[in-house]
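Thanks, everyone. I would like to take a few minutes on one aromatic side chain and its surroundings, and then turn to the cysteines.

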Amino acid sequence: MRWFVISISLLLSVAVNAQQYEMPAKLTNKPEKIIKHEAYTVSFNTSTLTPNYVAWCLTPDRVNGKTKRTDFFDGDPMIEQKYRVIHGDYSSSRFDRGHMCPAADNRQSYKAMTECFYMTNMCPQNHGLNTGAWNDLEIQCRSWARNYKKIYIVAGPIFDNGGQRKIGRRRGFRIAVPDRFFKVVLMVGKNSTKAIGFIYPNGNAQGEMRDYAVSVDAVEKAAKIDFFPLLEDKIENQVEAVCKPSAWGI
């Protein structure tokens, strides 16, 4: 009976972990407040007032949902007022309120759609990137979700200059402008597992999607984040060292 109970516990543990492959390791090199919403988890940086990262699991149900985009940007009620960025903090900044977890990945429910417009999910993003190459990558991720049935995604900003460039007019609310953006994607299959990373400048990105593809290891070095720690070490080391756009059809 004791062996049976232990086995059930192990199975439950594996099932839980399988739903959390998208979660990076705990950050120790920068401020981090973990906020869990229905459809994504954000690691919020109280210094930059942007996410360190946003992580989510993307499935066909999310992509094919019928909920319409709300476009109601709002402060995140789960963050303290002294750190709560609001819609107006980006006004007249010449930067978009750039989603990390995009609205079109949250069509499964009104709650998910509403929460994806919280400002903890936003970064100051160049308009050309937001509506161009970054949007193209988001569309490609939804295609992968339909094809593979489940993918794990983490996206966020990279600050090469320490976040010195800032926007915002409210006293105490100066939001750091990223120099670059990253996205890493993981597919865990029965017979194979693969991962790929992308790094885009916070500007008008020219060229093909594959031109911005890099290994997950390269993203880890740039973002200083340990991705996919719940993978078996041998598998993690293998898939994170490789960048093969052709294996992803790009």
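If we set aside the residues within four places of it in sequence, Trp-144 is in contact with Lys-149, Ile-151, Val-185, Phe-198, Trp-248 and Ile-250. Please keep in mind, here and throughout, that this is a predicted model. One of those partners deserves a second look, since the side chain of Trp-144 also reaches the backbone oxygen of Trp-248, at 3.0 Å.

As for where the residue sits, Trp-144 belongs to helix α5, which covers residues 133–148, and with a relative accessible area of 2% Trp-144 is buried. For a sense of distance across the fold, the C-alpha atom of Trp-144 is separated by 24 Å from that of Ala-25, a residue 119 positions away along the chain.

Now to the cysteines: how many disulfides does a search of the whole structure find? The search finds zero. Let me go through two of the residues concerned, beginning with Cys-123, whose closest cysteine sulfur is that of Cys-101, and because the separation is 13 Å, the two are too far apart for a bond; the cut-off applied to a pair of cysteine sulfur atoms is 2.5 Å. Cys-243 is likewise in no disulfide, the nearest cysteine sulfur being that of Cys-141, 14 Å away.

Are these two cysteines buried or exposed? Cys-123, at 0% relative accessibility, counts as buried, whereas Cys-243, with a relative accessible area of 31%, is partly exposed.

Methods:
Residues are numbered from 1 along each chain as its sequence is written. This is a predicted model: local features need pLDDT of at least 70, side-chain atom pairs count only at pLDDT 80 or more; totals for chains, interfaces and linings use all residues. Side-chain values use heavy atoms; hydrogens and water are left out. Buried means under 20% relative accessible area, exposed over 50%, partly exposed in between (1.4 Å probe, protein chains only). Helices (H or I, at least four residues) and strands (E, at least two) are DSSP runs, numbered from the N terminus. Contact means heavy atoms within 4.5 Å. A polar contact is a pair of N or O atoms within 3.5 Å; within protein, one must be able to donate a hydrogen and the other to accept it, and residues adjacent in sequence count only if both atoms are side-chain atoms.
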